[in-house]
Amino acid sequence: MFATPILFPLSSLPCKVQEIIEQVHHELNYPVNYTAASMLLAAAVAIGNSKVLRVKSEWIVKPIFFMALIGEPGSLKTHPINFALKPFERADAFTLSKYEKELDDYRHNALTEKREKPKARQHIIKDFTFESIEKVLKANPNGICVHADELKGWIESFNKYRSGGGDLEQWLSLFNGLPLVVNRKSLDDVIYVNNPYVSVIGSMQPGVLEKVFKGEKKENGFLSRILFVNNSSANMPLFWKGEDLPITAGSDWESILYSIMESSKPYNETRIPKEYCFDNIAWELMMCWQNDKERDLSLLGENHEIEIFRKIQDYALRFCLPIHSLRVVTQEIDETGQIDCVTVTKAIEIAEYFYHTAREIHKFICNGDFEDSKVFYRFLDTLPLSFTTAQAMEVGRSMGISPRTIYRYLDVEKFGAFIKKKSHGRYEKKI
């Protein structure tokens with residue numbers, strides 16, 4: 001699907017983390033891109049609500065990720081996710097076992113003793129409805145991770161159990177960490193979560209992308225909120241190898257992740273996150289990257305790619321806290337409460353990776369089998385803001401585009417992220 005291999009910038013992660021990624025790749029052939037991205041998300045989940053980045057006085061950033069590993073069946077998408085999240089699974093197994101015993105004791109003594117009902121503490125949920133997520137968030141103030149092995153099922157479940165709709169809008173709110181207010185059945189049935197944290201990770205096959213992200217999911221920005229991870233290997237990885245996974249790889253990663261989780265524990269008691277800020281040089285570096293990138297894309301006339309980049313530049317801020325935390329717990333730096341220029345440089349490198357994968361995915365979804373998607377973008381840029389079918393045909397004819405292709409470009413079901421139909425034969429560009 002990708003024209004050229006896009007490699008995750010391993011140098012943006014601490015050396016100890018790089019060694020773990022390379023070990024599992026060498027021993028089990030886990031694709032480096034999948035493992036590295038999954039571990040970055042896991043570090044973000046370990047932080048959850050406990051740390052925030054204050055960019056400006058009223059601008060707070062939390063490390064919330066929505067991530068999709070894209071690959072054909074058999075490309076080893078699930079195994080790297082499982083490896084990255086395994087420390088959470090082990091922690092959840094312990095706390096949920098403890099919860100079951102406490103719940104049994106609570107029920108046994110409910111008539112004779114007044115006590116607070118125990119809560120199920122966990123980091124990962126898999127089998128869920130939107131209603132269950134709301135309840136889990138109430139019991140887990142630092143946040144959770146939704147591991148949807150097949151993201152297609154997660155996305156297609158939106159509004160499945162709600163006749164009034166609204167799940168997609170709620171997920172968009174969760175992505176921004178906004179307070180969650182949900183009414184059910186009656187005015188007395190209200191769920192309110194003041195400070196939700198939910199990250200999402202899973203896999204998806206290229207063949208379902210166009211179907212899954214059609215219609216409103218393209219138009220309302222949901223598509224742009226997904227971090228897409230490609231498999232940079234030209235060949236399908238072989239699972240079986242003659243050597244065993246090094247004992248240290250799993251335990252080393254568990255130690256790193258548990259160290260971040262340990263630093264997050266105070267939040268569960270105080271509900272007060274630790275605030276970080278950029279040092280002056282780091283913020284200037286971030287701003288220069290953002291301004292230079294937008295200027296270059298504007299000069300090239302890449303209006304659609306500017307829109308993609310603006311979502312990725314938001315992620316560049318979100319990458320800073322997990323990168324900083326990984327550097328601290330692996331003892332590359334001391335904890336100062338500030339994001340330095342090295343962390344920003346690494347966050348930018350990762351953002352550039354996800355910017356390029358997003359471009360490829362957007363082209364694939366919007367243009368289907370068209371190899372030269374630049375034709376569509378040039379066609380779109382040449383059109384006036386408002387135009388008719390006749391004007392589109394004239395522009396297409398001047399560019400050597402066939403009428404059949406023009407009619408396909410005007411299909412708002414397929415290209416609704418770029419144009420909308422105002423009336424019969426009349427259209428308007430969205431960008």
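**Exercise 1. The second largest cavity**

Task: In this predicted model, find which helices each supply at least two residues of the lining of the second largest cavity.

Solution.
- Step 1. List the lining: Leu 223, Ser 224, Ile 226, Phe 228, Ile 308, Lys 311, Ile 312, Ala 358 and His 362.
- Step 2. Place the helices. H11 spans residues 303-329 and H12 spans residues 341-367.
- Step 3. Read off the result. H11 and H12 each supply at least two of the lining residues. H11 gives the most, with three residues.
- Step 4. Sort the lining by class. It has six nonpolar, two polar and one charged residues.
- Step 5. Add the volume, which is about 40 Å³. The whole structure holds three cavities of 30 Å³ or more.

**Exercise 2. An aromatic pair between H11 and H12**

Task: Classify the ring pair of Phe 309 and Tyr 355.

Solution.
- Step 1. Recall what is needed. A pair of aromatic rings is described by the distance of the centres and the angle of the planes.
- Step 2. Check the distance. Ring centres must lie within 6.5 Å to pair. The structure has 20 aromatic pairs by this rule.
- Step 3. Classify. The centres of Phe 309 and Tyr 355 are 6.0 Å apart and the planes stand at 90°, so this pair is edge-to-face.
- Step 4. Locate the residues. Phe 309 sits in helix H11 and Tyr 355 in helix H12. They are 46 residues apart, and the pair links distant parts of the chain.

**Exercise 3. The four-stranded sheet**

Task: Work out which strands stand at the edges of the sheet E2-E1-E10-E11, and why each has a side without a neighbour.

Solution.
- Step 1. Take the order E2-E1-E10-E11. The sheet is open and its pairing is mixed.
- Step 2. Find the edges. Strand E2 (59-61) and strand E11 (338-339) each have a single partner strand, so one side of each is left without a neighbour in the sheet.
- Step 3. Look at the pair E1 (residues 51-56) and E10 (residues 274-278). They run parallel and are joined by three bridges. Leu 53 stands opposite Tyr 276 in E10.
- Step 4. Add the helix. H11 packs on this sheet and touches E1, E2, E10 and E11. The direction of H11 makes about 135° with that of E1.

**Exercise 4. The three-stranded sheet and its hairpin**

Task: Trace the sheet E12-E14-E13 and find which residue in the hairpin turn has a positive phi.

Solution.
- Step 1. Take the order. Three strands form an open, antiparallel sheet, E12-E14-E13.
- Step 2. Mark the edges. Strand E12 (386-388) and strand E13 (419-423) have a single partner each, so each has one side without a neighbour in the sheet. The twist averages 35° from one strand to the next.
- Step 3. Follow the pairing. Four bridges join E13 to E14 (residues 426-429). Ile 419 has Lys 429 as its bridge partner, and Ser 423 has Arg 426.
- Step 4. Go to the turn. Two residues lie between E13 and E14 in this hairpin. Gly 425 has the positive phi, of about 80°.
- Step 5. Add helix H14 (residues 389-398). It lies across E12 and E14, at about 85° to E12.

**Exercise 5. The largest pocket**

Task: Describe the largest pocket by volume, central residues and lining.

Solution.
- Step 1. Give the volume: about 730 Å³.
- Step 2. Go to the centre. Of 25 lining residues, Thr 95, Arg 121, His 123, Lys 265 and Asn 268 are the closest to it.
- Step 3. Name the helices. H2 (32-47), H3 (78-108) and H9 (247-270) each supply at least two residues of the lining.
- Step 4. Sort by class: eight nonpolar, eight polar and nine charged.

Terms used:
Residues numbered from 1 in each chain as written. Predicted model: local features only at pLDDT ≥ 70, side-chain atom pairs only at ≥ 80, totals over all residues. Heavy atoms only, no water. 1 Å grid on protein atoms, 1.4 Å probe; cavity = no way out; pocket = protein on both sides within 12 Å on 5 of 7 lines; lining within 4 Å. Points joined across faces, edges and corners; volume = space filled by probe spheres on them. Nonpolar A, V, L, I, M, F, W, Y, C, P; charged D, E, K, R; others polar. Pairing = 2+ DSSP bridges. Axes fitted to C-alpha atoms, helices over the stretch in contact; angles between N-to-C directions. Contact = heavy atoms within 4.5 Å. Phe/Tyr/Trp six-rings, centres within 6.5 Å; stacked < 30°, edge-to-face > 60°.
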